[in-house]
Amino acid sequence: AQRNARTLSVGQQQRLALARAWVLAPDALLLDEPTASLDPDARREVEALLGEFASGQTQTLVFSSHTIGLVSRLASRVICLQDGRVRADLPVRDFLQSTAYGESRSSLGELR
């Protein structure tokens with residue numbers, strides 16, 4: 001609380017940014033690769049925070065991710081974009097079992 005935000009680690013800055021957004025109680029949080037560039041410990045902490053936000057059902061989380069593990073753990077719905085087109089708009093479980101996911105994996109390389 002007493003430190004300048006610029007002196008914080010990337011993971012701490014990420015958590016601070018989430019806290020700043022969350023305290024405003026918006027209807028939706030729009031997140032671009034929310035766990036990118038984080039070490040494994042910071043990634044788990046940010047995922048836990050996002051999971052808490054998502055489970056509260058008071059806010060909608062919309063996030064972009066190339067990390068299929070994050071998507072499978074936190075998302076309820078997937079809109080898969082490829083070459084500027086919507087390839088799929090499905091519940092996450094259906095997406096992971098769909099041909100759209102298999103085609104995305106083969107044409108874009110293995111998603112993490």
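This is a short talk through one protein chain, its helices and strands, its salt bridges and a few residues worth finding on the screen.

Okay, hi everyone. One thing before we start: what you see here is a predicted model, so please keep that in mind as we go.

Let's begin with the overall layout. The protein chain has five helices and four strands. If you read along the sequence, the order goes α-β-α-β-α-β-β-α-α. The chain has 112 residues, and 30% of them count as buried. Now, how much of the contact in this chain is between residues 24 or more positions apart? Taking the contacts with a separation of 6 or more, such pairs account for 48%.

Next up, helix 1 and helix 2. In general, you describe two packed helices by the angle between their axes and the distance between those axes. So let's do that here. Helix 1 covers residues 10-23, and its axis comes within 9 Å of the axis of helix 2, with a crossing angle of roughly 10°. Are they roughly parallel or roughly antiparallel? Angles under 35 degrees count as roughly parallel, so helix 1 is roughly parallel to helix 2. The crossing of helix 1 past helix 2 is left-handed.

Who makes the contact? From helix 1 you have Gly11, Gln14, Arg15, Leu18 and Trp22, and from helix 2 you have Ala42, Glu45, Val46, Leu49, Leu50 and Phe53. Sorted by class, that contact has seven nonpolar residues, two polar and two charged. If you have the structure open, try clicking on Trp22 of helix 1 and Phe53 of helix 2, which are both on that list.

Right, salt bridges. How many are there by the rule used here? The count is four, and I'll walk you through some of them.

Start with Arg44 and Asp41. Their side chains meet in a salt bridge, at 2.4 Å from N to O. Where do they sit? Both are in helix 2, residues 40-55, and they are three residues apart, so about one helical turn separates them. Is Arg44 buried or exposed? The cut-off for exposed is over 50% relative accessible area, and Arg44 has 52%, so Arg44 is exposed. Asp41 has 49%, so Asp41 is partly exposed.

Now for a pair of another kind: Arg73 and Glu47. Their side chains form a salt bridge at 2.7 Å, N to O. This pair links distant parts of the chain, with Arg73 in helix 3 (residues 68-74), Glu47 in helix 2, and the two positions 26 residues apart. Going by C-alpha atoms, Glu47 and Arg73 are separated by 8.7 Å.

Let's stay with Glu47 for a moment. Is Glu47 buried or exposed? Buried means under 20% relative accessible area, and Glu47 has 13%, so Glu47 counts as buried. And what is Glu47 in contact with, leaving aside its neighbours within four places in sequence? The list is Thr35, Leu70, Arg73 and Leu74. So our salt-bridge partner Arg73 turns up there again.

Compare that with Glu52, also found in helix 2. Glu52 has 55% relative accessibility, so Glu52 counts as exposed. From Glu52 to Leu74 you go 22 residues in sequence, and 9.8 Å in space from C-alpha to C-alpha.

One more salt bridge, over in the strands. The side chains of Arg77 and Asp89 meet at 2.8 Å, N to O. Here too, the pair links distant parts of the chain: Arg77 is in strand 3 (residues 77-82), Asp89 is in strand 4 (residues 85-91), and they are 12 residues apart. Asp89 has 42% relative accessibility, so Asp89 counts as partly exposed.

Last topic: backbone angles. Which phi value does Glu33 have? Glu33 has a positive phi of about 45°, although Glu33 is not a glycine. You'll find Glu33 in the loop between strand 1 (28-32) and helix 2. Asp83 also has a positive phi, about 55°, and Asp83 isn't a glycine either. Look for Asp83 in the loop between strand 3 and strand 4. With 73% relative accessibility, Asp83 counts as exposed.

To recap: helix 1 lies roughly parallel to helix 2, and the salt bridge of Arg73 and Glu47 links helix 3 with helix 2. Thanks, that's me done.

Methods. Residues numbered from 1 in each chain as written. Predicted model: local features only at pLDDT ≥ 70, side-chain atom pairs only at ≥ 80, totals over all residues. Heavy atoms only, no water. Buried < 20%, exposed > 50% of the residue type's maximum accessible area, 1.4 Å probe, protein only. Axes fitted to C-alpha atoms, helices over the stretch in contact; angles between N-to-C directions. Parallel < 35°, antiparallel > 145°, perpendicular 65-115°, else oblique. Left-handed = near helix turned anticlockwise from the far one by under 90°. Contact = heavy atoms within 4.5 Å. Nonpolar A, V, L, I, M, F, W, Y, C, P; charged D, E, K, R; others polar.
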